[in-house]
Every structure is written in C-alpha cells, then in structure tokens.
Amino acid sequence: MNKLILAAAIAVAATNLALSQTAKKPKAKEIEINGVRGYQDTPMEPDGLWHVHDPARPQPPVVTTSNFSQLAVAPSDAIVLFDGKDLSQWRDKATGGAAQWSVVDGVAVSAKGDIVTEKNFGDLQLHLEFREPTPPPDSGQSRGNSGVYLMGRYEIQVLDCFDNKTYPDGTTGGIYGQHPPLANACRPPGEWETYDIIFTTPHFDADGKLTTPAYVTVILNGVVVQNHQAIRGDTNHRTVGKYTSHDPTGPIALQYHHNSVSFRNLWVRSVPLVNEP
Ligand code: MG
C-alpha cells in the first residue's frame, strides 16, 4: 500500500514538474498583422522599438532591379566556391561528409541539410547568385527560404520576397532577426538574383569580450540593402543577437530550410581590413 502511495506521489510530482516546465517555456505564438505573419511574444530588439520578427515593423520599400552582376567573372585572386561542376569546396554541415545538395545543369540545389565551405575566411568579399523556386511553394518564411551564413553564424536571409510579405527582419537582404534590408530588391521567382557581400569579422579581447562587432554591406541585385551595418551577434530564430567569442576565421554556410533553392557562380576574395587612416 505504502509503495502505491509513494508511486502516486512520484507521479503527481512528475506531472507538476512537467507543468511548471511548460509554464516556464510558453509555446511560440505566431500572429498576423496587416497580412504579415510574425511574433510579438519575442524579446525586444536592443533599440527598444520592435520585437524580434515583429510583423508590425514597417515593410522595406520595394525597389525594382535588373540583372546586376549576373554571371560576374571571378577576379583572378578569388577562390571559386562553385563554378557549376561540383561541390568539392563544400561539405555537409551536420556530418562533415560530402555535401548532400544536387548539381544539375551547372546549378546547385539545396536539399537535406546546410552546407559549409571546407575553407575558413575572415574579412571577405563574396559573390553568389540564387534562384527561387517556381511556382512558389507556400508563403511567408516558407517560400524559398535559404540563407548565407557568414563565419557559419551570421545569416543574410535568402527568401522569395517578391510579392510575399513576411516579418521585415526576415526579408531577403536582412540580417536575420536583427536588421531588415533597406529595400526589398527581390526579383521574381525563377529569375536569377545576385548577392555581393562585403563583411568584416568581429573582434574579441583575450577574455572573449567583444571589442568590435562584425559589419556587413550587402548589395542585392545592384541595390545596397545593408550599408556597413553592425551585426548584433549570432542570428537565430526568435532571439536577440548575442556574440560568443570565436576564431578569427570561419566557413561560409548555405542554409537548407525545406525549400529547393538554386545557386550558381559563387566566389570569394579575402579583403583584410587596414585600420590606418
Ligand atoms: Mg533563412
């Protein structure tokens, strides 16, 4: 009998513990404002103006663009990351094995998992081209989602935002969850789009404290959508950016987010920062 009472008491305690843990971590609540889905149960950005992924934040103005820098020939000192032949410069992020993306007709198509470069980079100039699937799958963040992770940590969003509203800090050209792009310069799905990105790494002191944030300038289809913008730290879903001390170089990663997004003509140059006036 005592054993039964003890077992019942343990069961009640376990249930209470589970309930208290559930109470501590409420389920993410997606809301819709003016036809835009996002969140307002997320932390405020450090500027105190908007929640992370806030659907009420003003939409970036739409700017129409052309074929700026498409098929740009890699400069002689660039490291070519993908020239249409194979993904030998890349590996699967999760396993470290061969990249699981397909290469068809000179185009790499995202599948199965994120991929990362074999090589690490510091301050860099990156060129890449992407093409969103057509007909567009789904809407919002589920329409052609991918991303370019600088140092494997700092995501510049890739999404089909042509006639597809989403929370501004998740728009193409945005530093995910932090800074929306200055403009929505997306081309229609099925057409090639270009990213030209200039990035400087963050710096940390001997104790791992941030001394200089990372900065990024992003040109999407010929339109500057981030102008030497300071990054607030690692970019993640529903969280405020936070820096964690890391090596001075890191890989470039491309995201697989359950959509087939095409890539071509990827190359990178090292552009060491000269701090003298
Ligand atoms: Mg993404």
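Reader: What makes you say that both faces of β10 are covered?

Author: Take the strand one side at a time, keeping in mind that this is a predicted model. Y154, I156 and V158 lie on one side of β10, with E155 and Q157 on the other, and all of them are buried. To be called buried, a residue needs 20 or more other C-beta atoms within 10 Å of its own. Five of the five residues of β10 pass that test, and the strand is described as mostly covered. The two groups of residues make sense because side chains in a regular strand alternate between the two faces of the sheet.

Reader: Why is β9 called largely enclosed by the rest of the structure?

Author: The count decides it: β9 is called largely enclosed because five of its five residues are buried. Here, too, both faces are covered, with S146, V148 and L150 on one side and G147 and Y149 on the other.

Reader: How do you know that β9 and β10 pair?

Author: At least two bridges are needed before two strands count as paired. β9, residues 146–150, and β10 have five, in the antiparallel sense, so the pair meets the cut-off of at least two. You can follow some of these bridges in the structure: S146 has V158 as its partner, G147 has Q157, and L150 has Y154. In general, strands of a sheet pair through backbone hydrogen bonds.

Reader: What lies between β9 and β10 in their hairpin?

Author: Three residues lie between the two strands, and M151 in this turn has a positive phi of about 55°.

Reader: How many bridges join β9 to β16?

Author: Two bridges join them, and the strands run antiparallel. The cut-off is at least two, so β9 and β16 count as paired. In one of the bridges, V148 of β9 has L254 of β16 as its partner.

Reader: What makes β4 and β10 edge strands?

Author: Start with the sheet: five strands form an open sheet in the order β4-β7-β16-β9-β10, with antiparallel pairing. β4 (90–92) and β10 (154–158) are the edge strands, as each pairs on one side only. Being an edge strand does not leave β10 uncovered, for five of its five residues are buried.

Reader: Which residues touch the most other members of the largest nonpolar core?

Author: They are V148, L150, I197, V216, V218, I252 and F263, in a core of 44 residues. Of these, V148 and L150 are among the buried residues of β9. F263 has contacts beyond its neighbours within four places in sequence, including F82, V107, L128, F130 and L254. As a rule for soluble globular proteins, nonpolar side chains tend to be buried together.

Reader: Why is L81 called buried?

Author: L81 has 25 other C-beta atoms within 10 Å; buried calls for 20 or more, so the label fits. L81 belongs to strand β3, residues 79–82. Setting aside neighbours within four places in sequence, L81 is in contact with Q89, T117, L266, W267 and V268.

Reader: And why is N34 called exposed?

Author: N34 has 8 other C-beta atoms within 10 Å, and exposed applies at 12 or fewer, so N34 qualifies. N34 is found in the loop between β1 and β2. Those two strands form a hairpin with two residues between them. β1 (residues 30–33) and β2 (residues 36–39) are paired antiparallel through four bridges, one of which links E32 to R37.

Reader: What makes the phi of N34 worth pointing out?

Author: N34 is a residue other than glycine, yet its phi is positive, near 55°. Most residues other than glycine have a negative phi. H258 is also not a glycine and has a positive phi, about 70°. H258 lies in the loop between β16 (253–254) and β17 (262–270). With 11 other C-beta atoms within 10 Å, H258 is exposed, as the limit for that label is 12 or fewer.

Reader: What kind of peptide bond joins T134 and P135?

Author: The bond is cis, with omega about -5°, and P135 sits in the loop between β8 (124–131) and β9. Most peptide bonds are trans.

Reader: How many helices and strands does the protein chain have?

Author: The chain has one helix and 17 strands. Of its 277 residues, 39% are buried.

Note on methods
Residues are numbered from 1 along each chain as its sequence is written. This is a predicted model: local features need pLDDT of at least 70, side-chain atom pairs count only at pLDDT 80 or more; totals for chains, interfaces and linings use all residues. A nonpolar core is a set of buried Ala, Val, Leu, Ile, Met, Phe, Trp, Tyr and Cys residues joined through C-beta atoms within 7 Å. Two residues are in contact if their C-beta atoms, placed from the backbone, lie within 7 Å.
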